[in-house]
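Please open the model in a viewer that allows residues to be selected by number. The tour below proceeds from one selection to the next and describes what is found at each stop.

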Amino acid sequence: LWMQPDRLAPMRSGTPLVLVHGYSCSRAAWWWQRRRLEAAGFTVATLSLEPIYADIETYLPALSQRIDAVLTKTGARQVALVGHSMGGVVIRAWLARHGGERVSRVVTLGTPHGGTRLARLGLGRNARQMELGSAWLQSLGETAVDRVAIFSAHDNYVAPRSQLERTGARRVEL
């Protein structure tokens, strides 16, 4: 109820952001961050990945539709994708299926790129896909899109911590 619709309007410059939430969340997870980003001058879009415990592949059409809508409403040629935790995995899967032509940059925040041991405790197909070393994660490969992986040395959800890093991504450790 507190997460009002995204405020998308034609842009003269800049790149709109599409924020993709993590496991068992909704777009409301971005409430505070969206306000801060908009105050800093960014155009920000969000989406909810539903149903919450589905196969990650089922989220890809919704992400495609959201990217298309953002590009249409803003007039931009590309978006920057920001994914928290599972949201970063969703973005990687989308890029593996659709390529990076419409994406200028990907920023992941605490994303289990190589999986996590804790996924064994999660519910749903998406948790199985995020298990440490899963064949599905390994099938995603890499992309030529500019990538930044932001993570904490003290992450308590992604274990081992080395799975937070991504080959070819600029690393920002907090």
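In which loop does Ser85 lie? Ser85 lies in the loop between strand 3 and helix 3; helices (H or I, at least four residues) and strands (E, at least two) are DSSP runs, numbered from the N terminus. The model is a predicted one, in which local features need pLDDT of at least 70 and side-chain atom pairs count only at pLDDT 80 or more, while totals for chains, interfaces and linings use all residues. Residues are numbered from 1 along each chain as its sequence is written, and side-chain values use heavy atoms, with hydrogens and water left out.

**Stop 1: Ser85**

Select Ser85, which is not a glycine yet has a positive phi of about 50 degrees. Most residues other than glycine have a negative phi, and most peptide bonds are trans. Ser85 is buried, because its relative accessible area is 19%; buried means under 20% relative accessible area, exposed over 50%, and partly exposed in between (1.4 Å probe, protein chains only).

**Stop 2: helix 3**

Next, select residues 86-98, which form helix 3. The 13 residues of this helix should span 18 Å at 1.5 Å a residue, and its end C-alpha atoms are 18 Å apart, which agrees. The expected span of a helix is 1.5 Å times one less than its number of residues. Helix 3 is mostly covered, with 10 of its 13 residues buried. Colour the buried residues of helix 3: Met86, Gly87, Gly88, Val89, Val90, Ile91, Arg92, Ala93, Trp94 and Leu95. The elements that cover them include strand 1 (17-20), helix 2, strand 3 (79-84), strand 4 (103-109), helix 4 and helix 5. Just after helix 3, select Gly99, which takes a positive phi of about 75 degrees.

**Stop 3: helix 2 against helix 3**

Add helix 2 (60-74) to the view. Two packed helices are described by the angle between their axes and the distance between the axes. Helix 2 and helix 3 pack at an angle of about 80 degrees, with their axes 10 Å apart. Helix 2 is therefore roughly perpendicular to helix 3. Axes are lines fitted to C-alpha atoms, for helices over the stretch in contact, and angles run from 0 to 180 degrees between N-to-C directions. Angles under 35 degrees count as roughly parallel, over 145 as roughly antiparallel, 65 to 115 as roughly perpendicular and the rest as oblique.

To display this contact (heavy atoms within 4.5 Å), show Leu60, Leu63, Ser64 and Ile67 of helix 2 with Val90, Ile91, Ala93, Trp94, Arg97 and His98 of helix 3.

**Stop 4: Gly75**

Move to Gly75, in the loop between helix 2 and strand 3. Gly75 counts as exposed, because its relative accessibility is 58%. Draw a distance from its C-alpha atom to that of Met11: the separation is 6.4 Å, although Gly75 and Met11 are 64 residues apart along the chain.

**Stop 5: Pro51, Tyr53 and Ser24**

Select Pro51, in the loop between strand 2 and helix 2. The peptide bond from Glu50 to Pro51 is cis, with omega near -5 degrees.

Tyr53 lies in the loop between strand 2 (44-47) and helix 2. Tyr53 is partly exposed, with a relative accessible area of 31%. Not counting residues up to four places away in sequence, Tyr53 touches Tyr23, Ser24, Tyr59, Leu123, Gly124, Arg125 and Asn126. The C-alpha atoms of Tyr53 and Asn126 are separated by 5.9 Å, with their positions 73 residues apart along the chain.

Which residue shares a side-chain polar contact of 3.1 Å with Tyr53? The partner is Ser24. A polar contact is a pair of N or O atoms within 3.5 Å; within protein, one must be able to donate a hydrogen and the other to accept it, and residues adjacent in sequence count only if both atoms are side-chain atoms. Ser24 is found in the loop between strand 1 and helix 1 (31-39). Ser24 is partly exposed at 35% relative accessibility, and has a positive phi of about 65 degrees although it is not a glycine.

**Stop 6: Gln129 and Ser134**

Finally, select Gln129 in helix 4, a buried residue with a relative accessible area of 1%. A polar atom of the Gln129 side chain lies 2.8 Å from the backbone nitrogen of Ile56. The backbone oxygen of Gln129 lies 2.7 Å from a polar atom of the Ser134 side chain. Ser134 lies in the loop between helix 4 (124-129) and helix 5 (135-138), and is buried, with a relative accessible area of 11%.
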